[in-house]
Amino acid sequence: RTLRGRLAVLVLVKTAQRLGYFVKLAEVPPSVVAHVAACLATKPLAKIEMRDFDLDSERQRLLEQVRRFLGIQAVTNATTGVIESAAREAAQTKHELADIINVVIEQLVRQRFELPGFSTLFRTARRIRAQVNDASFSVLSGALSPALKHEIDDLFPVRDGVTSGWLKLKREPKKPTNPEVRAYLEHLAWLKAWVARLPAIDHLAAPKLHQYVLEARALDAADIKATKPAKRYALAVVLIHAQLRQALDDAADILLRKVRKLHATGTEQLERYFTEHRLRAEK
(Lines give C-alpha, C1' and ligand atoms only; values in the text may rest on other atoms or scores of the structure.)
Protein backbone atom coordinates (compact mmCIF):
# COMPACT_ATOMS: atom_id res chain seq x y z
CA ARG A 1 0.00 0.00 0.00
CA THR A 2 2.90 2.33 0.66
CA LEU A 3 5.43 3.60 -1.85
CA ARG A 4 8.20 1.96 0.18
CA GLY A 5 6.35 -1.36 0.10
CA ARG A 6 5.87 -1.10 -3.66
CA LEU A 7 9.58 -0.41 -4.01
CA ALA A 8 10.43 -3.57 -2.05
CA VAL A 9 8.05 -5.71 -4.11
CA LEU A 10 9.28 -4.21 -7.38
CA VAL A 11 12.88 -5.03 -6.45
CA LEU A 12 11.76 -8.64 -5.87
CA VAL A 13 10.01 -8.68 -9.26
CA LYS A 14 13.01 -7.37 -11.21
CA THR A 15 15.58 -9.58 -9.47
CA ALA A 16 13.39 -12.67 -9.94
CA GLN A 17 12.94 -11.81 -13.62
CA ARG A 18 16.70 -11.55 -14.08
CA LEU A 19 17.93 -14.38 -11.83
CA GLY A 20 15.08 -16.88 -11.99
CA TYR A 21 14.84 -17.18 -8.20
CA PHE A 22 14.13 -14.95 -5.20
CA VAL A 23 16.87 -13.33 -3.16
CA LYS A 24 16.71 -11.54 0.16
CA LEU A 25 16.42 -7.79 -0.26
CA ALA A 26 19.39 -7.26 2.04
CA GLU A 27 21.54 -9.14 -0.50
CA VAL A 28 20.52 -6.98 -3.49
CA PRO A 29 23.29 -4.54 -4.54
CA PRO A 30 22.50 -0.96 -3.47
CA SER A 31 22.93 0.26 -7.06
CA VAL A 32 20.05 -1.97 -8.18
CA VAL A 33 17.79 -0.75 -5.39
CA ALA A 34 18.71 2.87 -6.17
CA HIS A 35 17.88 2.40 -9.86
CA VAL A 36 14.44 0.90 -9.11
CA ALA A 37 13.79 3.67 -6.56
CA ALA A 38 14.66 6.29 -9.16
CA CYS A 39 12.10 4.75 -11.54
CA LEU A 40 9.47 5.10 -8.77
CA ALA A 41 10.66 8.62 -7.94
CA THR A 42 11.36 7.70 -4.33
CA LYS A 43 14.36 7.24 -2.07
CA PRO A 44 16.11 3.84 -1.83
CA LEU A 45 15.34 1.58 1.12
CA ALA A 46 17.78 1.68 3.98
CA LYS A 47 19.61 -1.52 4.87
CA ILE A 48 17.60 -1.93 8.06
CA GLU A 49 14.32 -1.54 6.13
CA MET A 50 15.31 -4.23 3.64
CA ARG A 51 16.31 -6.55 6.48
CA ASP A 52 12.97 -5.96 8.21
CA PHE A 53 11.11 -6.76 5.00
CA ASP A 54 13.03 -10.05 4.67
CA LEU A 55 11.89 -11.02 8.18
CA ASP A 56 8.28 -9.90 7.68
CA SER A 57 5.70 -12.69 7.83
CA GLU A 58 3.97 -11.17 4.80
CA ARG A 59 7.01 -11.89 2.60
CA GLN A 60 5.82 -15.39 1.69
CA ARG A 61 2.39 -14.11 0.59
CA LEU A 62 4.03 -11.43 -1.52
CA LEU A 63 6.33 -14.02 -3.10
CA GLU A 64 3.28 -16.03 -4.19
CA GLN A 65 1.80 -12.91 -5.78
CA VAL A 66 5.07 -12.17 -7.58
CA ARG A 67 5.18 -15.77 -8.86
CA ARG A 68 1.67 -15.42 -10.28
CA PHE A 69 2.58 -12.08 -11.85
CA LEU A 70 5.71 -13.53 -13.49
CA GLY A 71 4.04 -16.83 -14.39
CA ILE A 72 6.64 -19.04 -12.69
CA GLN A 73 6.10 -22.13 -10.56
CA ALA A 74 7.57 -22.59 -7.09
CA VAL A 75 10.12 -25.31 -6.32
CA THR A 76 8.12 -28.51 -5.66
CA ASN A 77 8.39 -32.24 -6.22
CA ALA A 78 7.53 -31.58 -9.87
CA THR A 79 10.64 -29.41 -10.08
CA THR A 80 12.73 -32.32 -8.81
CA GLY A 81 11.35 -34.53 -11.57
CA VAL A 82 12.21 -31.94 -14.24
CA ILE A 83 15.72 -31.53 -12.83
CA GLU A 84 16.41 -35.27 -12.79
CA SER A 85 14.95 -35.80 -16.27
CA ALA A 86 16.98 -32.97 -17.80
CA ALA A 87 20.14 -34.03 -15.96
CA ARG A 88 19.76 -37.63 -17.11
CA GLU A 89 19.29 -36.60 -20.73
CA ALA A 90 22.28 -34.24 -20.58
CA ALA A 91 24.50 -36.81 -18.85
CA GLN A 92 24.10 -39.16 -21.83
CA THR A 93 26.23 -36.86 -23.98
CA LYS A 94 28.04 -34.59 -21.50
CA HIS A 95 30.42 -35.31 -18.64
CA GLU A 96 31.31 -31.98 -17.02
CA LEU A 97 28.95 -31.09 -14.18
CA ALA A 98 28.84 -27.45 -15.32
CA ASP A 99 27.51 -28.53 -18.74
CA ILE A 100 24.86 -30.76 -17.19
CA ILE A 101 23.76 -28.03 -14.76
CA ASN A 102 23.48 -25.51 -17.61
CA VAL A 103 21.16 -27.85 -19.50
CA VAL A 104 19.03 -28.31 -16.37
CA ILE A 105 18.79 -24.54 -15.86
CA GLU A 106 17.72 -24.05 -19.49
CA GLN A 107 14.95 -26.61 -19.06
CA LEU A 108 13.72 -25.05 -15.81
CA VAL A 109 13.65 -21.58 -17.37
CA ARG A 110 11.88 -22.86 -20.49
CA GLN A 111 9.20 -24.59 -18.42
CA ARG A 112 8.82 -21.52 -16.19
CA PHE A 113 10.05 -23.05 -12.94
CA GLU A 114 11.69 -21.08 -10.17
CA LEU A 115 15.36 -22.07 -9.91
CA PRO A 116 16.32 -24.07 -6.79
CA GLY A 117 19.54 -23.54 -4.87
CA PHE A 118 22.80 -24.28 -6.66
CA SER A 119 23.69 -27.00 -4.16
CA THR A 120 20.50 -28.84 -5.15
CA LEU A 121 21.41 -28.66 -8.83
CA PHE A 122 25.00 -29.70 -8.12
CA ARG A 123 24.09 -32.74 -5.98
CA THR A 124 21.42 -33.90 -8.44
CA ALA A 125 23.71 -33.52 -11.47
CA ARG A 126 26.52 -35.40 -9.74
CA ARG A 127 24.19 -38.23 -8.66
CA ILE A 128 22.57 -38.60 -12.07
CA ARG A 129 25.95 -38.51 -13.83
CA ALA A 130 27.17 -41.33 -11.60
CA GLN A 131 24.05 -43.37 -12.39
CA VAL A 132 24.48 -42.83 -16.15
CA ASN A 133 28.16 -43.78 -15.96
CA ASP A 134 27.36 -46.91 -13.95
CA ALA A 135 24.75 -47.89 -16.54
CA SER A 136 27.32 -47.46 -19.35
CA PHE A 137 29.85 -49.52 -17.41
CA SER A 138 27.29 -52.26 -16.84
CA VAL A 139 26.43 -52.44 -20.55
CA LEU A 140 30.08 -52.78 -21.60
CA SER A 141 30.90 -55.21 -18.81
CA GLY A 142 27.79 -57.30 -19.44
CA ALA A 143 28.82 -57.83 -23.06
CA LEU A 144 32.01 -59.64 -21.99
CA SER A 145 32.16 -63.38 -21.54
CA PRO A 146 33.55 -64.80 -18.27
CA ALA A 147 36.62 -66.06 -20.13
CA LEU A 148 37.30 -62.61 -21.58
CA LYS A 149 36.89 -61.00 -18.16
CA HIS A 150 39.45 -63.47 -16.82
CA GLU A 151 41.86 -62.47 -19.60
CA ILE A 152 41.39 -58.80 -18.73
CA ASP A 153 42.09 -59.56 -15.07
CA ASP A 154 45.35 -61.19 -16.19
CA LEU A 155 46.49 -57.83 -17.57
CA PHE A 156 46.90 -56.32 -14.10
CA PRO A 157 49.38 -58.53 -12.17
CA VAL A 158 53.14 -58.10 -12.58
CA ARG A 159 54.76 -61.54 -12.87
CA ASP A 160 58.50 -62.30 -12.63
CA GLY A 161 59.37 -58.62 -12.86
CA VAL A 162 57.90 -58.40 -16.37
CA THR A 163 55.82 -55.33 -17.26
CA SER A 164 52.12 -55.85 -16.62
CA GLY A 165 49.77 -56.18 -19.56
CA TRP A 166 47.98 -53.01 -18.41
CA LEU A 167 51.19 -51.02 -18.82
CA LYS A 168 51.86 -52.78 -22.13
CA LEU A 169 48.54 -51.44 -23.42
CA LYS A 170 49.80 -47.89 -22.87
CA ARG A 171 53.01 -48.44 -24.82
CA GLU A 172 54.24 -45.41 -26.78
CA PRO A 173 56.31 -45.66 -30.00
CA LYS A 174 60.05 -45.09 -29.67
CA LYS A 175 62.64 -43.99 -32.20
CA PRO A 176 61.61 -45.67 -35.48
CA THR A 177 64.55 -47.99 -35.98
CA ASN A 178 63.89 -51.17 -37.93
CA PRO A 179 63.74 -53.43 -34.82
CA GLU A 180 61.46 -50.93 -33.06
CA VAL A 181 59.15 -50.71 -36.06
CA ARG A 182 58.87 -54.50 -36.19
CA ALA A 183 58.17 -54.64 -32.45
CA TYR A 184 55.53 -51.91 -32.72
CA LEU A 185 53.79 -53.68 -35.58
CA GLU A 186 53.64 -56.81 -33.40
CA HIS A 187 52.12 -54.65 -30.64
CA LEU A 188 49.57 -53.33 -33.16
CA ALA A 189 48.62 -56.88 -34.15
CA TRP A 190 48.22 -57.77 -30.47
CA LEU A 191 45.83 -54.85 -29.97
CA LYS A 192 43.87 -55.83 -33.08
CA ALA A 193 43.42 -59.35 -31.72
CA TRP A 194 42.06 -57.88 -28.50
CA VAL A 195 39.62 -55.47 -30.17
CA ALA A 196 38.25 -58.20 -32.45
CA ARG A 197 36.83 -59.93 -29.36
CA LEU A 198 35.60 -56.85 -27.49
CA PRO A 199 32.18 -55.14 -27.72
CA ALA A 200 31.92 -51.95 -29.78
CA ILE A 201 32.02 -48.56 -28.08
CA ASP A 202 30.52 -46.47 -30.89
CA HIS A 203 27.33 -45.91 -28.87
CA LEU A 204 29.24 -43.79 -26.32
CA ALA A 205 29.13 -40.03 -26.84
CA ALA A 206 32.48 -38.46 -27.70
CA PRO A 207 32.79 -36.41 -24.44
CA LYS A 208 31.97 -39.48 -22.32
CA LEU A 209 34.37 -41.67 -24.27
CA HIS A 210 37.14 -39.08 -23.99
CA GLN A 211 36.67 -38.86 -20.22
CA TYR A 212 36.67 -42.65 -19.79
CA VAL A 213 39.88 -42.94 -21.82
CA LEU A 214 41.57 -40.22 -19.75
CA GLU A 215 40.52 -41.94 -16.54
CA ALA A 216 41.74 -45.34 -17.73
CA ARG A 217 45.12 -43.94 -18.81
CA ALA A 218 45.56 -42.18 -15.47
CA LEU A 219 45.03 -45.38 -13.44
CA ASP A 220 47.88 -47.80 -12.88
CA ALA A 221 47.37 -51.57 -12.57
CA ALA A 222 46.84 -51.46 -8.80
CA ASP A 223 44.30 -48.61 -9.01
CA ILE A 224 42.25 -50.16 -11.81
CA LYS A 225 42.23 -53.49 -10.02
CA ALA A 226 40.76 -51.79 -6.92
CA THR A 227 37.76 -50.34 -8.78
CA LYS A 228 34.34 -51.98 -9.02
CA PRO A 229 34.28 -54.92 -11.47
CA ALA A 230 31.84 -53.33 -13.94
CA LYS A 231 33.87 -50.13 -14.10
CA ARG A 232 37.17 -52.05 -14.26
CA TYR A 233 36.12 -54.12 -17.28
CA ALA A 234 34.45 -51.15 -19.01
CA LEU A 235 37.52 -48.94 -18.67
CA ALA A 236 39.70 -51.78 -19.95
CA VAL A 237 37.47 -52.18 -23.02
CA VAL A 238 37.51 -48.45 -23.69
CA LEU A 239 41.29 -48.20 -23.23
CA ILE A 240 42.05 -51.11 -25.58
CA HIS A 241 39.86 -49.56 -28.31
CA ALA A 242 41.49 -46.17 -27.78
CA GLN A 243 45.00 -47.60 -27.79
CA LEU A 244 44.36 -49.42 -31.06
CA ARG A 245 43.20 -46.17 -32.67
CA GLN A 246 46.24 -44.38 -31.28
CA ALA A 247 48.55 -47.19 -32.40
CA LEU A 248 47.19 -46.99 -35.96
CA ASP A 249 47.86 -43.25 -35.96
CA ASP A 250 51.35 -43.85 -34.61
CA ALA A 251 52.02 -46.51 -37.26
CA ALA A 252 50.96 -44.06 -39.98
CA ASP A 253 53.24 -41.44 -38.46
CA ILE A 254 56.15 -43.91 -38.38
CA LEU A 255 55.51 -44.75 -42.04
CA LEU A 256 55.56 -41.06 -42.97
CA ARG A 257 58.82 -40.52 -41.10
CA LYS A 258 60.42 -43.57 -42.76
CA VAL A 259 59.29 -42.41 -46.22
CA ARG A 260 60.59 -38.89 -45.56
CA LYS A 261 63.93 -40.34 -44.51
CA LEU A 262 64.05 -42.54 -47.63
CA HIS A 263 63.18 -39.56 -49.78
CA ALA A 264 65.84 -37.35 -48.18
CA THR A 265 68.47 -40.09 -48.49
CA GLY A 266 67.49 -40.78 -52.09
CA THR A 267 67.67 -37.09 -52.99
CA GLU A 268 71.10 -36.82 -51.40
CA GLN A 269 72.41 -39.90 -53.23
CA LEU A 270 70.97 -38.68 -56.54
CA GLU A 271 72.76 -35.35 -56.17
CA ARG A 272 75.99 -37.21 -55.40
CA TYR A 273 75.47 -39.40 -58.48
CA PHE A 274 74.93 -36.38 -60.74
CA THR A 275 77.99 -34.64 -59.30
CA GLU A 276 80.24 -37.67 -59.87
CA HIS A 277 79.03 -38.17 -63.45
CA ARG A 278 79.26 -34.48 -64.28
CA LEU A 279 82.88 -34.45 -63.11
CA ARG A 280 83.61 -37.60 -65.15
CA ALA A 281 81.97 -36.08 -68.25
CA GLU A 282 83.92 -32.83 -67.88
CA LYS A 283 87.16 -34.77 -67.52
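Mentor: Axes here are lines fitted to C-alpha atoms, for helices over the stretch in contact, and angles run from 0 to 180 degrees between N-to-C directions. The model is predicted, so local features need pLDDT of at least 70, side-chain atom pairs count only at pLDDT 80 or more, and totals for chains, interfaces and linings use all residues. Residues are numbered from 1 along each chain as its sequence is written, and side-chain values use heavy atoms, without hydrogens and water.

Trainee: Why are helix 8 and helix 13 called roughly perpendicular?

Mentor: Helix 8 (residues 146–153) packs against helix 13 (residues 229–282) at about 80°, with the axes 11 Å apart. Roughly perpendicular covers 65 to 115 degrees, so this pair earns the description. Both are helices in the DSSP sense (H or I runs of at least four residues, numbered from the N terminus).

Trainee: Which residues of helix 8 and helix 13 meet?

Mentor: Lys 149, Ile 152 and Asp 153 of helix 8 meet Arg 232, Tyr 233 and Ala 236 of helix 13, where contact means heavy atoms within 4.5 Å. Three of these residues are nonpolar, none polar and three charged (Ala, Val, Leu, Ile, Met, Phe, Trp, Tyr, Cys and Pro count as nonpolar, Asp, Glu, Lys and Arg as charged, the others, Gly among them, as polar).

Trainee: What makes Asn 133 count as buried?

Mentor: Its relative accessibility is 10%, and buried means under 20% relative accessible area with a 1.4 Å probe and protein chains only, so Asn 133 qualifies. Asn 133 lies in helix 7 (residues 118–142).

Trainee: What is Asn 133 in contact with, leaving aside neighbours within four places in sequence?

Mentor: Asn 133 touches His 95, Lys 208 and Tyr 212.

Terms used: Helices (H or I, at least four residues) and strands (E, at least two) are DSSP runs, numbered from the N terminus. Buried means under 20% relative accessible area, exposed over 50%, partly exposed in between (1.4 Å probe, protein chains only). Angles under 35 degrees count as roughly parallel, over 145 as roughly antiparallel, 65 to 115 as roughly perpendicular and the rest as oblique.
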